[in-house]
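This briefing is meant to be read beside the sequence and the coordinates. Please keep both in view while going through the points.

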Amino acid sequence: MNDNSWMNNPALGGIDPAKLEMLSSLAEQAQGKKQNELLPFLMAAAQSNSGDISFDSTETEAIINVLKIGKTPQEIQKIDRILSIMKTVRK
């Protein structure tokens, strides 16, 4: 079972609860995936319609910042690296 306490962070208060629920579902699906499986999974999720749910840059930044809370510098570096790769691939 995942800890979804991040969804209650006040920084995410302006984001539609349906969007946060979709993210929670993705997080559950990603749990246990190896590092080499995670990027393709995230890219596929980003490309899918997901019920026409999309996130603007402000929402995305808020979510990423909340997810970084309590992470080690190495974990934050890994998150940033994945985000950088995703931005490069999306161009």
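The notes below go from the overall fold to the helices and then to individual side-chain contacts.

The model is a predicted one. Its chain comprises four helices and zero strands, so that the order of elements from the N terminus reads α-α-α-α.

**Overall picture**

- Of the 91 residues in the chain, 25% are buried.
- When contacts in the chain between residues at least 6 apart in sequence are considered, 64% of them join residues at least 24 apart.
- The structure contains two salt bridges, while the count of aromatic pairs is zero.

**Helix α1 and the segment before it**

- The 14 residues of α1 should span 20 Å at 1.5 Å a residue, and the end C-alpha atoms of the helix are indeed 20 Å apart, which agrees with that expectation.
- The buried residues of α1 are K19, L20, M22, L23, S24 and A30.
- D16 belongs to the segment that precedes α1, a helix covering residues 17-30, and at the start of α1 a side-chain oxygen of D16 comes to within 2.8 Å of the backbone nitrogen of A18.
- D16 has a relative accessible area of 40%, and is therefore partly exposed, since that class runs from 20% to 50%.
- Although D16 and F55 are 39 residues apart along the chain, their C-alpha atoms are separated by 9.8 Å.
- Just after α1, G32 adopts a positive phi of about 90°.

**Helix α3 and its ends**

- With 12 residues, α3 reaches 16 Å from its first C-alpha to its last, which is close to the 16 Å expected at 1.5 Å a residue.
- The N-terminal end of α3 is capped by D56, which places a side-chain oxygen 3.0 Å from the backbone nitrogen of T58.
- Buried positions in α3 are E59, A62, I63, I64, V66 and K68.
- Just after α3, G70 has a positive phi of about 80°.

**The salt bridge between α1 and α3**

- E59 and K19 meet through their side chains in a salt bridge, with an N to O distance of 3.0 Å.
- This pair links distant parts of the chain, with E59 in helix α3 (residues 57-68) and K19 in helix α1, 40 residues apart.
- Both partners, E59 and K19, are buried.
- K19 also lies over the face of F55, at 5.4 Å from the ring centre.

**The salt bridge between α3 and α4**

- D80 and K68 form a salt bridge in which the closest N and O atoms are 2.5 Å apart.
- Because D80 lies in helix α4 (residues 73-90) and K68 in helix α3, the pair ties together parts that are 12 residues apart in sequence.
- What degree of exposure does D80 have? D80 counts as partly exposed, because its relative accessibility is 33%.
- K68, by contrast, has a relative accessibility of 18% and so counts as buried, the limit for that class being under 20%.

**Points to take from the model**

- K19 takes part in a salt bridge with E59 and is placed over the ring of F55, so a reader inspecting this region may wish to display the three residues together.

Terms used
Residues numbered from 1 in each chain as written. Predicted model: local features only at pLDDT ≥ 70, side-chain atom pairs only at ≥ 80, totals over all residues. Heavy atoms only, no water. Helix = DSSP H or I, 4+ residues; strand = E, 2+ residues; numbered from the N terminus. Buried < 20%, exposed > 50% of the residue type's maximum accessible area, 1.4 Å probe, protein only. Salt bridge = Lys/Arg side-chain N within 4 Å of Asp/Glu carboxyl O. Phe/Tyr/Trp six-rings, centres within 6.5 Å; stacked < 30°, edge-to-face > 60°. Lys NZ or Arg CZ within 6 Å of the ring centre and 35° of its normal. Expected span 1.5 Å × (residues − 1). Polar contact = N/O pair within 3.5 Å; in protein donor to acceptor, adjacent residues only side chain to side chain. Contact = heavy atoms within 4.5 Å.
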